[in-house]
Amino acid sequence: MSLKAGIVGLPNVGKSTLFSALTLNEAESANYAFTTIEPNIAIVNLEDKRLYQLANIVKAKKITPATFQFVDIAGLVAGASKGEGLGNQFLANIREVDAIVHVIRCFENEDIVHVNNKINPINDLKIINLELILADLQSLDNILNRIGKRAQNSNNSELKEEYKVLLKAKNILLEEKMLKNASFDDDEIKILKTYQFLTIKPTIYVANLDENSYKNLNNANHYINLKNELDNANEILIPICIKLEYEVSQFSAEDKLMFLNEYDIEQSGLDEIISKSFYLLDQSVYFTAGEIETRAWVFKNGMNAAQCAGIIHSDFEKKFVKAEIIKYEDYIFYQGEKQAKEAGKMSLEGKNYLMQDGDVCYFKIAK
């Protein structure tokens, strides 16, 4: 399953440097707006210690982690929804991603220009969100114009319900609220997601701080103000120093660990962005463990065993017979499949078994 997160924000807030740190690929970066025009796309690994512990037990010759795509989308500006600053192209790029990583500048530096010539994280946040809201309103107006008369004059209950949900969404947007923060039931969300609205996409906010502010978050006023704003909306905010993270991303594993210990943090900001982007989309992983290859497979929570087998190959879902499941903790405790099975820790599951994060699986397929 290919998952994609788009990195957005105003120009010169650190998006391309973050992208470079995430992927270890250099995205073009310069001190002026619209350096990034075409989106850069790269694939990063979801670092999962469990995968490597399984591989160590089976002495795997090949290790294949789950992956996640990040897209470096050029900076939005006020008026983007009307085409300002190549806005239409940028908004189209955002529409193609599953989740949004919204970078907001929270530091002062006269050598790095700000598109509005003033550092105000809350205002920057509102500029981007308003452009996404306005873009969704334009889309909604076009949809409602297309189906409105038909829905009102039809006996089709599904079409009438769709029209009702779209009107509800429009009223929320007119109040300058994001659809993802509004109250919708599961059926309503299913309708809205068919239209790829921008404001319903899961979002992680990243506060880009300078090194001094990052060391002293309690005294970082720009960050504190932004955090209070986003806490009120129950949003995720990750504080990082993107410049520092970029430098650390080029360290050896040993040096990286020393850095984390020095700053007294368990996980780098980059790893936190990757993992939270992944799980924000309600995804998990199951494992297949063997000497030839040990691999992590991405699935959406709620998928059954047959559907998960189909992720490996579409024929596997059709020809599914059963799944042998060992919980990750049992696999590690008993040091492998044979010992776990002898201890009664392997279960035989049918196609309707709901896969759990960390399941180690062996699928039986009809010939």
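Trainee: How many aromatic pairs does the count come to here?
Mentor: Keep in mind that we're looking at a predicted model. Two rings pair up if their centres lie within 6.5 Å. By that rule, the count of aromatic pairs comes to 7.

Trainee: Is the pair of Y286 and F299 stacked, edge-to-face or tilted?
Mentor: A pair of aromatic rings is described by the distance of the centres and the angle of the planes. For Y286 and F299, the centres are 6.1 Å apart and the planes sit at 40°. Stacked needs under 30 degrees and edge-to-face needs over 60, so this pair is tilted.

Trainee: How many residues apart in sequence are the parts that this pair ties together?
Mentor: Look at where each ring lives: Y286 is in strand β8 (residues 283-288), while F299 is in strand β9 (residues 294-300). So the pair ties together parts whose separation in sequence is 13 residues.

Trainee: Is Y286 buried or exposed?
Mentor: Buried means under 20% relative accessible area. Y286 comes out at 0%, so Y286 is buried.

Trainee: What kind of pair do Y286 and F363 make?
Mentor: Their ring centres are 5.7 Å apart, with the planes at 85°. Edge-to-face means over 60 degrees, so this pair is edge-to-face.

Trainee: Which strand holds F363, the partner of Y286 in this pair?
Mentor: This pair links distant parts of the chain, 77 residues apart. Y286 is in strand β8, and F363 is in strand β12.

Trainee: Which residues do ring pairs link into a cluster?
Mentor: You've already met Y286 paired with F299 and with F363. Ring pairs link these into a cluster with others; its members are Y286, W297, F299, F320 and F363.

Terms used
Residues numbered from 1 in each chain as written. Predicted model: local features only at pLDDT ≥ 70, side-chain atom pairs only at ≥ 80, totals over all residues. Heavy atoms only, no water. Phe/Tyr/Trp six-rings, centres within 6.5 Å; stacked < 30°, edge-to-face > 60°. Helix = DSSP H or I, 4+ residues; strand = E, 2+ residues; numbered from the N terminus. Buried < 20%, exposed > 50% of the residue type's maximum accessible area, 1.4 Å probe, protein only.
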